[in-house]
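Please find below a colleague's note on the two-chain model under review, arranged as numbered points. The sequence and the coordinates are shown before the points begin.

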Amino acid sequence: MTAQETAPVSAGRGEPLVVLSGVQKHFGQLHALQDIELTVKRGEVVVVIGPSGSGKSTLCRTINRLETIDEGTITLDGKDLPQEGKALAALRAEVGMVFQSFNLFAHKTILENVTLGPIKVRGMKKEEAEKKARELLDRVGVGHQAEKYPAQLSGGQQQRVAIARALAMEPKVMLFDEPTSALDPEMIKEVLDVMVDLAEQGMTMIVVTHEMGFARTAADRVVFMADGAIVEENTPEEFFTNPRSDRAKDFLGKILKH
Amino acid sequence: MDAVFSNFDEYLKAFGLTIGLFVVSGIASLVLGTILAVFRVGPVSVLNKAAAVYVTLFRNTPLLMIFIFIFIAMPVLGYNFKFVEGIEIGGWNVSAFFFRACLALTLYTSAFVCEAMRSGVNAVPLGQAEAGRAIGLTFAQSMNLVILPQAARAVIPPMTSVLIALAKNTSVAAAFGLAEATATMRGFTNNNADQRIGIFVAFAIGYIIVVEVISLSSYLVERKVRVAR
């Protein structure tokens, strides 16, 4: 991508883009999200960390309404998330999502995976969509795999294609739901490199991850969740060197010892 | 088997009608059953329940009863489907008998198609639908472009069984005035009581060929659309 193309992304940097207010979510008896207040500004990279079952994935999924919420509001660019139907589909097109299990369309080639959204949702011409898709695939380093099927690629390659697929929609914000948790250690780096690259170009990102290294290098802010609530929010430096809550101290103590 | 060979054109015509019943009600069942399956997995609760009631009603009723209802009860209620007799397709007049038989077979078979489809849809990992929604596809688009093409692959073996059952179920129409294979066989045996075994064998072979063609085509389709996961 050229500097010109990234300009609109960083324009208006600093304005609130995603705002969660008073969000509550229950799974039966479990209070999965408790009174969540979170504002993500344009161009900001927010990393959400916390122990398993703390609600961080659920939080991520509520932002494009893959999970509904019981109470509270979520706004994107000042507008409330639509309930359902065409308006919701249109909103989701504005929010890129990368899943832990990649979820590439198994019956489509890599190229088709990336062009499907632009052609069917944006109404882009096939040639134009393919040209753009090839650029994106080159950018994430899998351009030479365009004609293959997802199952023929390694996990790291698949995840990079998934990132390209999300980027093809030119989203306002990218959600990453544990993007490296299903990968072998040596593939984690190639995915993180792409994400760091994106962050540097000014993409607004909400990243749920266990990669503390990524949080340290790329995040503007770290949000620590436990038991469905946001326990602590801080810059990565402050958070990792000087956690305030006992819960965060305990968590960091466990993961940083090895 | 002399009776069959000396009336071979009648034999072929009989199987022609059997295949006609199979093809018409097969296509109609696939269409109706797929729509029902989409209702069953879709987000609209009313459609979901309606499709569930349909499946319960028609899957749990003997096919013969559905035939009796359509051929005997419906005309009493004022629905005799005579209006189809004016329709001509490729020089061949549609008879009300044929239409009613196809209707009965379709109502019955589409319930099974729906359930086979649903099992196929359930075989597609949830993440595929989520990924479709996440790039902004509507429910209909994600069904058409992502879920159903993948479900079709998982659905071929059970669907083949449903279609084979349909091919053989066309024989129920024999009791309702259609000169398809089974009715014609009965006619042959009545007229040639000494050749019964030969006639049975000839017609059994006919059915075996029809069914083998179905299972062979399904095998070819399965090989063609197979995709690694």
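The points below go from strands and backbone angles to the interface, the aromatic rings and a few single residues.

1. On the status of the model: this is a predicted model, and every value in this note should be read with that in mind.

2. On the pairing of strands in chain A: strand β1, residues 16-27 of chain A, runs antiparallel to strand β2, residues 30-41 of chain A, and eight bridges join the two. Within this pairing, P16(A) has K41(A) as its bridge partner in β2(A). Strand β1(A) also pairs with strand β4 of chain A, residues 71-76, again in the antiparallel sense and over five bridges; here L20(A) is the residue that stands opposite I74(A) of β4(A).

3. On positive phi values: which residue takes a positive phi in the hairpin of β1(A) and β2(A)? The hairpin has two residues between its strands, and G28(A) takes a positive phi near 60°. D35(A), which is a residue other than glycine, also has a positive phi, near 50°, and its place is in strand β2 of chain A, where it counts as partly exposed at 49% relative accessibility. R65(A), likewise not a glycine, has a positive phi of about 60°; this residue lies in the loop between α2 (56-62) and β4 of chain A and counts as buried, with a relative accessibility of 14%.

4. On the cysteines: a search over all chains gives zero disulfides. Of the residues checked for burial, C60(A) is buried with a relative accessible area of 1%, and C102(B) is buried with a relative accessible area of 7%.

5. On the surroundings of V48(A): this residue lies in strand β3 of chain A, residues 45-49, and is buried, with a relative accessible area of 1%. Leaving out residues up to four places away in sequence, V48(A) touches K56(A), L59(A), I206(A), V207(A), V208(A), T209(A), V223(A) and M225(A). The C-alpha atoms of V48(A) and C60(A) are 8.8 Å apart in space, while the two residues are twelve residues apart in sequence.

6. On the interface: 23 residues of chain A are in contact with 20 residues of chain B, and the area buried between the two chains is about 1,800 Å², of which carbon and sulfur atoms give 66%. Which three residues supply more than any other three of the area that chain A buries against chain B? They are F105(A), A106(A) and H107(A), with 29% of that area. The ring of F105(A) also has R165(A) over its face, at 4.6 Å from the ring centre.

7. On the aromatic pairs: the whole structure holds 16 aromatic pairs over all chains. One of them is formed by F8(B) and Y11(B), which are stacked, with 5.2 Å from centre to centre and 20° between the planes. The two residues are three residues apart in helix α2 of chain B, residues 8-41, and therefore separated by about one helical turn. Their burial is not alike in class, since F8(B) counts as partly exposed at 34% relative accessibility, whereas Y11(B) is buried at 9%.

8. On a second pair: F188(B) and F203(B) are edge-to-face, at 5.7 Å centre to centre and with 85° between the planes. This pair links distant parts of the chain, with F188(B) in helix α8 (residues 181-191) and F203(B) in helix α9 (residues 196-225) of chain B, 15 residues apart. Both F188(B) and F203(B) are buried. The two pairs belong to one aromatic cluster, formed by F5(B), F8(B), Y11(B), F15(B), F188(B), F203(B) and Y207(B).

9. On N80(B) and R100(B): N80(B) lies in the loop between α4 (63-77) and β1 (88-89) of chain B and counts as partly exposed, at 32% relative accessibility. Leaving aside neighbours within four places in sequence, N80(B) is in contact with P75(B), A96(B) and R100(B). R100(B) in turn lies over the face of F97(B), at 5.6 Å from the ring centre. The C-alpha atoms of N80(B) and F99(B), which are 19 residues apart along the chain, are separated by 9.9 Å.

Key. Residues numbered from 1 in each chain as written. Chains lettered and ligands numbered in written order. Predicted model: local features only at pLDDT ≥ 70, side-chain atom pairs only at ≥ 80, totals over all residues. Heavy atoms only, no water. Disulfide = S-S within 2.5 Å. Buried < 20%, exposed > 50% of the residue type's maximum accessible area, 1.4 Å probe, protein only. Pairing = 2+ DSSP bridges. Helix = DSSP H or I, 4+ residues; strand = E, 2+ residues; numbered from the N terminus. Phe/Tyr/Trp six-rings, centres within 6.5 Å; stacked < 30°, edge-to-face > 60°. Lys NZ or Arg CZ within 6 Å of the ring centre and 35° of its normal. Contact = heavy atoms within 4.5 Å. Buried area = accessible area lost by both parts, 1.4 Å probe.
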